Amino acid sequence: MRTDSKTFDLGEVHLKRDSDGKLTWQWFDERVTADHLLMLFSVTASKTAVVRVVGGNRNDERTIGEDEKGALKAVLSTYRAL
């Protein structure tokens with residue numbers, strides 16, 4: 001993950017994967033650490049955030065949009081409230 005001038009490396013993560021026959025999606029389902037929170041809050045505050053996934057068969061990079069940052073802010077706000 002890269003936000004403005006900061007780079008965050010989650011190391012080797014165990015992504016889960018599912019498909020509906022047309023699309024495939026992946027997610028990361030682990031306990032949130034202080035490093036994860038720093039990364040997530042940095043994403044919401046950044047001008048530009050890019051996630052890069054490095055896999056065995058290919059690598060992919062994608063910019064996180066403002067609508068996604070807004071949704072993440074809502075989730076983090078709920079997390080703080082809990």
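**Notebook: helix pair, core and a few single residues**

I started with the helix pair: Leu-37, Leu-40, Phe-41, Val-43 and Thr-44 of helix 1 meet Lys-69, Leu-72, Lys-73, Leu-76, Tyr-79 and Arg-80 of helix 2. Contact here means heavy atoms within 4.5 Å. I sorted the residues of this contact into 7 nonpolar, 1 polar and 3 charged. For that sorting, Ala, Val, Leu, Ile, Met, Phe, Trp, Tyr, Cys and Pro count as nonpolar, Asp, Glu, Lys and Arg as charged, and the others, Gly among them, as polar.

Note to self on the source: this is a predicted model, where local features need pLDDT of at least 70 and side-chain atom pairs count only at pLDDT 80 or more, while totals for chains, interfaces and linings use all residues. Residues are numbered from 1 along each chain as its sequence is written, and side-chain values use heavy atoms, with hydrogens and water left out.

Next I looked up the geometry. Helix 1 covers residues 34–45 and helix 2 residues 66–81, and their axes come within 9 Å and cross at roughly 135 degrees. Axes are lines fitted to C-alpha atoms, for helices over the stretch in contact, with angles from 0 to 180 degrees between N-to-C directions. Helices (H or I, at least four residues) and strands (E, at least two) are DSSP runs, numbered from the N terminus. The pair is therefore oblique; under 35 degrees would be roughly parallel, over 145 roughly antiparallel, 65 to 115 roughly perpendicular, and the rest is oblique.

Then the core. Which residues make up the largest nonpolar core? I found 6: Met-1, Phe-8, Met-39, Val-43, Ala-49 and Ile-64. Such a core is a set of buried Ala, Val, Leu, Ile, Met, Phe, Trp, Tyr and Cys residues joined through side-chain atoms within 4.5 Å. Leaving aside neighbours within four places in sequence, Met-39 is in contact with Met-1, Phe-8 and Leu-10.

Thr-3 sits in strand 1. Buried or exposed? I have Thr-3 as buried, at 3% relative accessible area; buried is under 20%, exposed over 50%, partly exposed in between (1.4 Å probe, protein chains only). Not counting residues up to four places away in sequence, Thr-3 touches Phe-8, Ser-42, Val-43, Ser-46, Thr-48 and Ala-49.

Asp-4 caught my eye: its phi is positive, about 45 degrees, although it is not a glycine. Most residues other than glycine have a negative phi. Asp-4 is in the loop between strand 1 (2–3) and strand 2 (6–7), partly exposed at 43%.

Last, Asn-59 in strand 6 (residues 59–63). Asn-59 is partly exposed at 41%.
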